[in-house]
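Visitor: Please take a close look at one part of this model, the nonpolar core, and then place it in the rest of the chain.

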Amino acid sequence: MSMLAELVEVVIGVDTHKHTHTAALLDTRTGGVLARATVSTDPDGYAALVALAEQHSGLRAWALEGSGGYGAGLARHLAEAGELVVELDRPLRPARRAGAKSDPIDAERAARDALARTRLAQPKTGPERAALQMRLTARRAAVEAGADAQRQLHAMVITAPEVVRARFRGQSTRVMLTTATRLRPTTNADVEVFTCLTVLRDLARRVRFLEAEATEHEKAIRAIVRSWRPDLLHLTGVGPIVAATVLTAWSHPRRCRNDAAFAMLAGVAPIPASSGKTVRHRLNRSGDRQLNRALHTVVLTRLQRDERTRAYAERRRSQGKTDREIKRCL
C-alpha cells in the first residue's frame, strides 16, 4: 500500500482551533519545513492557506486534526476546492523537551504523522451526514437531560414531606410524571410543601418537553434517512437512530476501504493478544463508541426477532460459547 510521501510532493499539516488554524508545509522528499502560517477560521483565512500552498509546486495533501470539529469549516472549504484531505485522529503527544509545546509544532507533527501512514482516512462529508449528526447530537442531549430530570424527580419525592410523598407512593415513573404535571401548589401550604410541589411540577414538565423535543428530532432523522438510504430501514434491527448513527460514521462510499476497516472503526474488530504458545484475541474498546452501540442494538434485536440469528446462536452455544462470546461473533 502506498504511503502519502509516495503520492505527493508537499503535505500541509494543520493544527485546528476554535479561532485560528496553524499550518506547516513540509517537503515530502527532504522532510524540511517550507513555510508556516496562522490564519483565522473564516473563508478569508482558508483562502490564505490555499494561496500559501499554491506558492509551492507539485501535488499536495492536507493533514487535518479535528476535521469533524474545529477543522470542519476548513475541511469543507478544501473539499469544495478539490484538494486532497487526510483525516487524522489525535496523535499521542510525545514527552515534551524543556516544555516545548506550540501550535506550529503540533501542525508539523500532524504533517509528519500523515507522511508515515499507509492507510489514509478521508474526512466525513456530505450535507445529509452533517444534518444527521446535528440531529443525533441534539436528540442525545435531550434524552440524557430528560433522564437526569427523571432521576431528580425520584430523588426529590423520596426526600419530600409525607403529605407530598404519599401522592407518589407505589407509582411507576410514567405515572409519577403524570401526577407531578397535575400538581397545583397553593400558598396555603407551608413553604416547604409549596416549594416541593412547584419544583416537582416543573421537573415533570421539563421531562415532557424534552421527550417531545427528542421525538421531533427522531421524526426529522427518519425523514432524512428515508430520503438518503431507505434500504437500511428494511433491515432487521435497524431503526432510524441506528441507521443515522451508521451513516454519520460511514459518511460516503470509499471512506472505509473494506469490511475490516469498518469493523475497526466500530470497535468490533478483534485485537490480537497472543504471546508465546498462547493464541487469543481481546475485545476492541476503541473506535466510534456510538457506532459500536448501534451495532450492539442490532445484535440484541436480531437475537430476539431473527430466526437465522437465533439458530446461529444456538449452534454456537452448543459448541461451548457463552452468550457474550456469541454476541461478539455476530
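Guide: The largest nonpolar core has 18 residues. Those with the most contacts inside this core are Ile-12, Val-14, Trp-62, Leu-64, Leu-74 and Leu-78. The model is a predicted one, and every value here is computed from it.

Six elements are listed as giving two or more residues to the core. Four are strands: strand 1 (10–16), strand 2 (20–27), strand 3 (33–40) and strand 4 (60–65). The others are helix 1 (43–54) and helix 2 (72–80). Helix 1 supplies the largest share of the core, 5 residues.

Leu-64 can serve as a sample of the packing. Leaving aside residues up to four places away in sequence, Leu-64 touches Val-14, Gly-71, Leu-74, Ala-75, Leu-78, Val-85, Val-86, Glu-87 and Leu-88. Among these partners, Val-14, Leu-74 and Leu-78 are also on the list of residues with the most contacts inside the core.

Next, the aromatic rings. The count of aromatic pairs comes to 1. The pair is formed by Trp-228 and Trp-250, with 6.4 Å centre to centre and 40° between the planes. This geometry is classed as tilted because the angle falls neither under 30 degrees, which would be stacked, nor over 60, which would be edge-to-face. The pair links distant parts of the chain: Trp-228 belongs to helix 7 (residues 191–228) and Trp-250 to helix 8 (residues 240–250), 22 residues apart.

Neither ring residue counts as buried, because that class requires under 20% relative accessible area. Trp-228 has 21% relative accessibility and is partly exposed; Trp-250, with a relative accessible area of 22%, is partly exposed too. Trp-250 has a further neighbour in Arg-229, which lies over the face of its ring at 5.8 Å from the ring centre.

Finally, the whole chain. The protein chain contains 12 helices and 7 strands. Its radius of gyration is 26 Å, whereas a compact globule of 330 residues would have one near 20 Å. Along the principal axes, the C-alpha atoms fill a box of roughly 80 × 60 × 50 Å. Buried residues make up 36% of the 330. The chain exposes about 19,300 Å², and 52% of that area comes from carbon and sulfur atoms. Of the contacts between residues at least 6 apart in sequence, 56% join residues at least 24 apart.

Methods. Residues are numbered from 1 along each chain as its sequence is written. This is a predicted model: local features need pLDDT of at least 70, side-chain atom pairs count only at pLDDT 80 or more; totals for chains, interfaces and linings use all residues. Side-chain values use heavy atoms; hydrogens and water are left out. Rings of Phe, Tyr and Trp (its six-membered ring) pair if their centres lie within 6.5 Å; planes under 30 degrees apart count as stacked, over 60 as edge-to-face and the rest as tilted. Buried means under 20% relative accessible area, exposed over 50%, partly exposed in between (1.4 Å probe, protein chains only). A charge sits over a ring if NZ of Lys or CZ of Arg is within 6 Å of the ring centre and within 35 degrees of the ring normal. A nonpolar core is a set of buried Ala, Val, Leu, Ile, Met, Phe, Trp, Tyr and Cys residues joined through side-chain atoms within 4.5 Å. Contact means heavy atoms within 4.5 Å. The radius of gyration is taken over C-alpha atoms; the globule rule is 2.2 Å times the number of residues to the power 0.38. Accessible areas come from the Shrake-Rupley method with a 1.4 Å probe; for residues, only the protein chains shown count as cover.
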